[in-house]
Amino acid sequence: MALRARITGWGKYLPQRILTNRELEKWVDTSDAWIRSRTGIRERRIAADDETASTMAVEASRQALEVAHLNPKELDLIIAATVTPDKVFPACASLIQHQLGASKAAAFDLNAACSGFVYALATANQFIGAGGFEKVLVVGTDVYSRILDWRDRSTCVLFGDGAGAVIMEASTQGGSLSFVLGSDGSGADLLYVPGLCDSTLVANDHHYLTMNGPEVFKFAIHTMVGATKQVVETAHLTLDDIDLFIYHQANSRIIQAAAKSLSLPPHKVFINVDRYGNTSAASIPIALCEAIEEGRIQKGDHLALVGFGGGLSWGAMVVEWDSDPLEKNV
Ligand code: COA
């Protein structure tokens, strides 16, 4: 029987420092009312000076390992989805591996911006399905506070820092039922951060995130609707069979517009962007953890995880949840 990848552990980390909309009002020409009405965001977390993508990831990963009852030395592979790694190289995943003491694990980073976590889940699924890798740590971690222009009100109000992790293990039942990945590089200029080797960066000393908000907004709704339909159909299910939709938390208006277009009942759509803003690759695993904590995921449920972001890129996965959240694993 073909091996599937099943989620057996989960964890999240949010920095302590809360940055409210009211505080942002003092820095840029914005208002709490504007941010709330256009994005649904009330506050976000900001990493301390000594925190990085790898240190946040390690906190989330330790929780995930504990839930899965795994010793880090049992891990075969670590995939870190991030676009804000501590260093260009070595990979953030290698730093995580060392801090965890996961001495047996291979480690690499995956860059698919805010779609990164779903891309990494799909990658782990393929490694496990092909055999030879049984226990994989997938972590989404981003520290956007370091790549935002805090003078640019059109971007700085939208993002926050954090990390989320899951353990995926080989199984013959449950787990990932289907996934969809996509990319449209023609939209690369709509959302980007210049790289170290970008000559415009050298010329303009501009290393901040740049975004065409309205265009990304349209892309996001269109893509989330399409990817949701496709991934559910690929799993031979209907939208009604899905118990919880966990979308990338970028903007509650985007999530609500997609949900409306798909006629999803609000109680089946998870939202926590109000407290964390857009945490990029961390947003879906953080939302997954909170959905579990809130008792919104039960054994046997079908979940749809759907992300979109820079690339432009998108990724979706349907998961049959067969861990018992109350027992913190079976
Ligand atoms: N506070 C107050 N006004 C702001 C503002 C802020 N923080 N940011 C932008 N504005 C202004 C704009 O300058 C514009 O003013 P103008 O009409 O005088 O030119 C006005 O608000 C409306 O801007 P617009 O961009 O049309 O608003 P919007 O309804 O599209 O909302 C976003 C803007 C950014 C919230 C929305 O486009 C969005 O969420 N896009 C997707 C972003 C995203 O998710 N990115 C990450 C993807 S992973």
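A nonpolar core is here a set of buried Ala, Val, Leu, Ile, Met, Phe, Trp, Tyr and Cys residues joined through side-chain atoms within 4.5 Å. The views below show a predicted model.

**View 1. The largest nonpolar core, between domain 1 and domain 2.** This core has 37 residues, and those with the most contacts inside it are Val 138, Val 166, Met 168, Ile 246, Leu 288, Ile 297 and Trp 321. Helix α5, which spans residues 116–130, gives the most to this core, with 8 residues. Because domain 1 (4–172) and domain 2 (177–328) both give residues to the core, it lies between them.

**View 2. The surroundings of Val 138.** When its neighbours within four places in sequence are left aside, Val 138 is in contact with Ile 79, with Phe 117, Ala 120, Leu 121 and Ala 124, and with Gly 164, Ala 165, Val 166 and Met 168.

**View 3. A second, separate core.** This core consists of 28 residues, among them Val 232, Leu 237, Ala 316 and Val 318.

**View 4. A nonpolar patch on the surface.** Val 88, Phe 89 and Leu 196 form this patch and together have about 400 Å² of accessible area. Leu 196 is placed in the loop between β9 (191–192) and α7 (199–204); with a relative accessible area of 63%, Leu 196 is exposed, because that value is over 50%.

**View 5. Gly 213 in helix α8.** Helix α8 comprises residues 213–234, and Gly 213 is partly exposed, with a relative accessible area of 27%. Gly 213 and Leu 190 are 23 residues apart in sequence, and their C-alpha atoms are 7.9 Å apart in space.

Methods. Residues numbered from 1 in each chain as written. Predicted model: local features only at pLDDT ≥ 70, side-chain atom pairs only at ≥ 80, totals over all residues. Heavy atoms only, no water. Patch = residues over 30% accessible without salt bridge, like charges linked within 9 Å, V, L, I, M, F, W, Y side chains within 5 Å. Areas by Shrake-Rupley, 256 points an atom, 1.4 Å probe, with all protein chains shown as cover. Salt bridge = Lys/Arg side-chain N within 4 Å of Asp/Glu carboxyl O. Helix = DSSP H or I, 4+ residues; strand = E, 2+ residues; numbered from the N terminus. Buried < 20%, exposed > 50% of the residue type's maximum accessible area, 1.4 Å probe, protein only. Domains from an automatic or database assignment. Contact = heavy atoms within 4.5 Å.
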